[in-house]
Amino acid sequence: LAYYVGGVSFKELFNALRNTDQYYQEMRVKRKNGKKRTVYKVKWPLNQYQHFIKRYILNEYEISKYATAYFEGASIKRNAEIHCGKKYILKMDLADFFGHITLDMIKTNVFNKNHFPPYICYALLKICTYKGSIVQGAATSPAISNIVMKHFDDVMGSWCDENNISFSRYS
């Protein structure tokens, strides 16, 4: 991984794996409603590793047709078009969505022993998570959320289709 990511040395990779906490800078950002949310700035070289993982690993996973965010070509407009002309719309916002996608969920659905040797799973999990979950601001978090949510999206979407209800997940 280190060899392919912008010439970063193995020493820098191992340092990043041992000390991932030092590569995250917490920031509080004001929302439109005045409340604040926590986002993280991921520092070099960890952000380089995350971009590499997103491009060459995570983008290869299949996501649900009901997921309408966090992939190339996604847009809020496309998501809204699914629901145009409907008599009723139920919109829900999950608080701290990324923070609820845990290490265990990622181990099961993304970086598991069916796809990678154990030591690679460990490295990928360390690079892509902070304090046991994915975070707002990490390059890998959006793609990981779509992969983890695939089963939910497909089950919920199928049920909605059977009941003539439009369903999408834009998160």
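In the predicted model, K35 is in contact with V29 and K30 when its neighbours within four places in sequence are set aside. This lysine occupies the loop between β1 (24-30) and β2 (36-42). K35 is classed as exposed because its relative accessible area is 58%, and the threshold for that class is over 50%. The C-alpha atoms of K35 and R78 are separated by 27 Å, with the two positions 43 residues apart along the chain.

The chain as a whole contains seven helices and two strands. Read along the sequence, these elements follow the pattern α-β-β-α-α-α-α-α-α. The C-alpha trace spans about 60 × 40 × 25 Å along its principal axes. Of the 171 residues, 38% count as buried. Among contacts in the chain with a separation of 6 or more, residues 24 or more positions apart account for 66%.

Helix α6 (residues 141-148) begins with S141, and the helix is mostly covered, eight of its eight residues being buried. The residues concerned are S141, P142, A143, I144, S145, N146, I147 and V148. Packing of these buried residues takes place against α4 (103-109), α5 and α7. S141 itself has a relative accessibility of 0% and is therefore assigned to the buried class, for which the limit is under 20%. Not counting residues up to four places away in sequence, S141 touches F98, I134 and V135. The C-alpha atoms of S141 and I82 lie 25 Å apart in space, the two residues being 59 apart in sequence.

A helix pair was also examined, formed by α2 (46-56) and α5 (residues 118-128). The axes of α2 and α5 come within 9 Å and cross at roughly 115 degrees, and the crossing is left-handed. On the α2 side the contact is made by L46, Y49, Q50 and I53, and on the α5 side by L124, I127 and C128. Sorted by class, the residues of this contact comprise six nonpolar, one polar and no charged.

Aromatic pairing was surveyed over the whole structure, and nine pairs were found. One of them joins Y66 and F167 in a tilted arrangement, with 5.8 Å from centre to centre and 50 degrees between the planes. This pair links distant parts of the chain, 101 residues apart: Y66 lies in the loop between α2 and α3 (76-81), and F167 lies in the segment after α7. Y66 is classed as buried because its relative accessible area of 8% falls under the 20% limit. The corresponding value for F167 is 17%, so F167 is likewise classed as buried under that limit. F111 and F116 form an edge-to-face pair, with centres 6.0 Å apart and 65 degrees between the planes; both F111 and F116 are buried. Ring pairs additionally link Y24, Y40 and Y130 into a cluster.

The surroundings of the Y66 and F167 pair include D153, a residue of helix α7 that is in contact with both rings' residues as well as with S64, A67 and R169, leaving aside neighbours within four places in sequence. The relative accessible area of D153 is 0%, and D153 is therefore buried by the criterion of under 20%.

S166 lies in the segment after α7 (150-162). With a relative accessibility of 26%, S166 is partly exposed, because this value falls between the limits of 20% for buried and 50% for exposed residues. Not counting residues up to four places away in sequence, S166 touches I82, H83 and K86. The side chains of S166 and K86 make a polar contact at 3.3 Å. S166 and H83 are 83 residues apart in sequence, whereas their C-alpha atoms are 6.3 Å apart in space.

Note on methods:
Residues numbered from 1 in each chain as written. Predicted model: local features only at pLDDT ≥ 70, side-chain atom pairs only at ≥ 80, totals over all residues. Heavy atoms only, no water. Helix = DSSP H or I, 4+ residues; strand = E, 2+ residues; numbered from the N terminus. Buried < 20%, exposed > 50% of the residue type's maximum accessible area, 1.4 Å probe, protein only. Contact = heavy atoms within 4.5 Å. Polar contact = N/O pair within 3.5 Å; in protein donor to acceptor, adjacent residues only side chain to side chain. Phe/Tyr/Trp six-rings, centres within 6.5 Å; stacked < 30°, edge-to-face > 60°. Axes fitted to C-alpha atoms, helices over the stretch in contact; angles between N-to-C directions. Left-handed = near helix turned anticlockwise from the far one by under 90°. Nonpolar A, V, L, I, M, F, W, Y, C, P; charged D, E, K, R; others polar.
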